[in-house]
Amino acid sequence: MTEKEIAEQLEYNAYLAHQAEMAEDVWHPIDTAPHDRPVLTCEDGPRYQESIRVCWWVSDEYDGAYWQDDADSEPEPTHWMAIPLPPK
């Protein structure tokens with residue numbers, strides 16, 4: 001296989017993995033969340049819908065490892081779900 005074919009196959013495999021996550025369409029425990037891409041997160045409780053946000057995993061030698069969102073806060077999510085693919 002050429003490098004281009006390998007890259008295309010890897011991209012397709014990632015797409016299939018994403019589709020498998022989305023097919024479940026359920027919230028997963030946060031300890032199973034991937035740390036290599038942003039995900040939707042929420043906090044368990046009666047007002048969970050207000051806590052839904054896009055978060056990503058941050059890890060560095062100074063602050064340690066934690067979830068972060070675009071408000072630069074450090075939420076403590078309990079569950080995650082894959083972000084849907086954009087419309088075509």
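What share of the contacts in the chain with a separation of 6 or more comes from residues 24 or more positions apart? Those residues account for 51% of such contacts. Keep in mind as you go through the views that this is a predicted model.

**View 1. The whole chain, from one end to the other.** Start at the N terminus and follow the elements along: they run α-β-β-β-β-β. That gives you one helix and five strands. The chain has 88 residues, and buried ones make up 25% of them. Its accessible surface comes to about 6600 Å², and carbon and sulfur atoms own 53% of that.

**View 2. A nonpolar patch on the surface.** Four residues build this patch: Tyr12, Tyr15, Leu16 and Leu85. Together they make a nonpolar area of about 370 Å². Look for leucine 85 in the segment after β5, the strand that spans residues 79-81. Is leucine 85 buried, partly exposed or exposed? Its relative accessibility is 39%, so it counts as partly exposed, since that label covers values between 20% and 50%.

**View 3. Strand β2 and its two partners.** Strand β2 covers residues 39-42. Its side chains go two ways: Val39 and Thr41 point to one side, while Leu40 and Cys42 point to the other. Whichever way they point, all of them are buried. Now check what β2 pairs with. It joins strand β3 (residues 53-60) in the antiparallel sense, over three bridges. One spot to find here is threonine 41, whose bridge partner in β3 is arginine 53. β2 also pairs with β5, again in the antiparallel sense and over three bridges. In that pairing, leucine 40 stands opposite methionine 81 of β5.

**View 4. Aspartate 69, tucked into strand β4.** Strand β4 takes in residues 64-69, and aspartate 69 belongs to it. Why does this aspartate count as buried? Its relative accessible area is 3%, and the buried label goes to anything under 20%. Leaving out residues up to four places away in sequence, aspartate 69 touches Arg53, Val54, Cys55, Trp56 and Pro75. Arg53 has already turned up in View 3, as the bridge partner of threonine 41. There's a polar detail to spot as well: a polar atom in the side chain of aspartate 69 lies 3.1 Å from the backbone nitrogen of alanine 71.

**View 5. Glutamine 68 and its link to aspartate 72.** Glutamine 68 is also found in strand β4. With a relative accessible area of 14%, it counts as buried. If you skip residues up to four places away in sequence, its contacts are Val54, Cys55, Trp56, Val58, Ser73 and Pro75. Which side chain does the side chain of glutamine 68 make a polar contact with? That would be aspartate 72, at 2.5 Å.

**View 6. Aspartate 72 out in the loop.** This residue sits in the loop between β4 and β5. Is aspartate 72 buried or exposed? Its relative accessible area is 58%, so it is exposed, the cut-off for that label being over 50%. Its backbone is worth a look too: phi of aspartate 72 is near 60°, a positive value in a residue that isn't glycine. For background, most residues other than glycine have a negative phi. While you're here, trace the side chain of aspartate 72 back to its polar contact with the side chain of glutamine 68.

Note on methods: Residues are numbered from 1 along each chain as its sequence is written. This is a predicted model: local features need pLDDT of at least 70, side-chain atom pairs count only at pLDDT 80 or more; totals for chains, interfaces and linings use all residues. Side-chain values use heavy atoms; hydrogens and water are left out. Helices (H or I, at least four residues) and strands (E, at least two) are DSSP runs, numbered from the N terminus. Buried means under 20% relative accessible area, exposed over 50%, partly exposed in between (1.4 Å probe, protein chains only). Contact means heavy atoms within 4.5 Å. Accessible areas come from the Shrake-Rupley method with a 1.4 Å probe; for residues, only the protein chains shown count as cover. Patches are made of residues with over 30% relative accessible area and no salt bridge: like charges are joined within 9 Å, nonpolar side chains (Val, Leu, Ile, Met, Phe, Trp, Tyr) within 5 Å. A salt bridge is a side-chain nitrogen of Lys or Arg within 4 Å of a carboxyl oxygen of Asp or Glu. Two strands pair if DSSP finds at least two bridges between them. A polar contact is a pair of N or O atoms within 3.5 Å; within protein, one must be able to donate a hydrogen and the other to accept it, and residues adjacent in sequence count only if both atoms are side-chain atoms.
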